[in-house]
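Dear colleague,

I am passing on the structure we spoke of, with its sequence. My notes on the sheet and the cores follow below it.

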Amino acid sequence: MTAEAGAAEAMTPAAVDPAQERLRRWRLVLGGDAADGTGCALSGRDAAMDGALTSLYGKADRRQGQRGRDRSAGLGASAPSVARWLGDIRTYFPSSVVQVMQRDAIDRLGLATLLLEPEMLEAVEADVHLVGTLLSLNKAMPETTKETARAVVGKVVEDLEKRLATRTRATLTGALDRSARISRPRHHDIDWNRTIAANLKHYLPEYRTVVPERLIGYGRASQSTKKEVVLCIDQSGSMAASVVYASVFGAVLASMRTISTRLVVFDTAVVDLTDQLDDPVDVLFGTQLGGGTDINRALAYCQSQITRPADTVVVLISDLYEGGIRDEMLKRVAAMKASGVQFVALLALSDEGAPAYDREHAAALAALGAPAFACTPDLFPEVMAAAIEKRPLPIPDTA
């Protein structure tokens with residue numbers, strides 16, 4: 001939904017003439033120049049909403065036959081005026097529309113640098129995309145702003161952890177239990193459903209029972225580490241949302257005693273942020289969005305850290321635009337898989353789907369048995385559970 005369409009939905013009077021309501025909505029969407037054809041005048045709250053939209057999007061310019069819009073910078077150049085505008089849109093529009101308008105203001109009006117001022121950060125509606133923008137500005141951020149920026153990032157991270165942590169832990173704990181099946185289980189470790197299914201041929205009709213000649217069980221989660229997970233994250237600019245989500249998931253996985261988690265970020269250099277996983281905000285501020293990409297070097301480092309291949313899952317999160325040695329990258333993936341490593345290639349870990357990505361490299365990975373696909377945060381626990389249990393990955397149909 002565009003911000004203009006969201007504005008039309010934002011306020012619907014309880015009792016209005018349907019025809020007039022349609023005109024009102026079209027007026028908010030079209031911007032009200034002489035050619036919009038609605039003949040509808042706005043007042044009160046509607047006029048204020050329209051003013052907030054016009055400050056960002058300007059008015060349609062049809063004098064030269066343009067179908068798009070002239071995005072005039074109508075917000076002013078000072079942080080206080082932009083902060084007032086941010087307050088206005090939070091008053092008039094729902095949170096989802098506010099986030100769209102914020103992203104448009106940053107992308108189209110060059111307001112990113114104003115986020116370096118504390119009063120701006122206190123006025124914004126924090127979301128994953130804003131965190132990505134702040135991380136890209138991290139190196140230029142003055143000390144007076146960093147504390148406020150950390151608070152903004154911390155709020156988003158906390159919200160994401162509340163949303164994702166419980167389901168992730170429950171899903172992966174079940175996968176770990178099932179992956180540790182044993183053939184001579186203790187009574188309380190017997191998987192009765194699988195045991196009965198495996199022994200149906202031993203059913204005794206006269207006793208109306210199954211004689212289980214073979215017991216199937218699973219070891220319950222213990223204090224020992226069962227699996228090792230390596231998250232290898234591309235920190236190029238297009239992967240900002242993926243970096244945020246991967247850092248949160250990394251912290252959640254690290255909190256599980258039965259999983260040993262390593263988090264590695266890379267561009268043309270490789271940085272191991274594992275020792276910061278107890279605080280995903282520290283992880284995020286340890287990244288440096290932008291720059292080149294050397295997937296081969298990153299995978300070489302990850303490969304060097306693997307001690308138990310058969311119990312290791314490597315998750316590469318990248319758009320696969322390789323600036324390093326392509327053939328070496330593919331050889332490393334093949335070698336890891338041959339040693340027993342479960343290799344997962346995600347083009348993105350975000351709600352937006354796959355970004356632009358290198359289709360040739362994606363096809364080459366698929367030929368090695370490692371299909372590359374975009375994954376939403378809600379699907380990620382299921383993907384990890386499948387990798388842990390060494391079963392086919394739940395690849396979305398849209399991949």
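Strand E9 (residues 342-349) pairs with E10 in the parallel sense, over four bridges. Within this pairing, Ala348 stands opposite Ala374 of E10. Please keep in mind that the model is predicted. The two strands also belong to a right-handed β-α-β unit, in which helix H14 (residues 359-367) is the helical part.

E10 itself has buried residues on both sides: Ala372 and Ala374 point one way, Phe373 and Cys375 the other way, and all are buried. As a rule, the side chains of a regular strand alternate between the two faces of the sheet.

Now the sheet as a whole. It is open and has six strands in the order E7-E6-E5-E8-E9-E10, with mixed pairing. Strand E7 (270-272) and strand E10 (372-375) each have a single partner strand, so one side of each is left without a neighbour in the sheet. From one strand to the next, the twist averages 25 degrees.

At the E7 edge, the pairing with strand E6 (residues 259-266) is antiparallel and rests on three bridges. Val265 has Val271 in E7 as its bridge partner.

As for the cores, the largest nonpolar one has 81 residues, and Phe93, Met101, Leu115, Val315 and Phe380 have the most contacts inside it. Helix H8 (residues 143-179) gives the most to this core, with ten residues. A second, separate core has 26 residues, among them Phe266, Cys302, Ala370 and Ala372. Ala372 is thus one of the buried residues of E10 noted above.

Best regards

Conventions
Residues are numbered from 1 along each chain as its sequence is written. This is a predicted model: local features need pLDDT of at least 70, side-chain atom pairs count only at pLDDT 80 or more; totals for chains, interfaces and linings use all residues. Side-chain values use heavy atoms; hydrogens and water are left out. Two strands pair if DSSP finds at least two bridges between them. Axes are lines fitted to C-alpha atoms, for helices over the stretch in contact, and angles run from 0 to 180 degrees between N-to-C directions. A nonpolar core is a set of buried Ala, Val, Leu, Ile, Met, Phe, Trp, Tyr and Cys residues joined through side-chain atoms within 4.5 Å. Buried means under 20% relative accessible area, exposed over 50%, partly exposed in between (1.4 Å probe, protein chains only). A crossover is right-handed if, with the strands pointing away from the viewer, the path from the first strand over the helix to the second runs clockwise.
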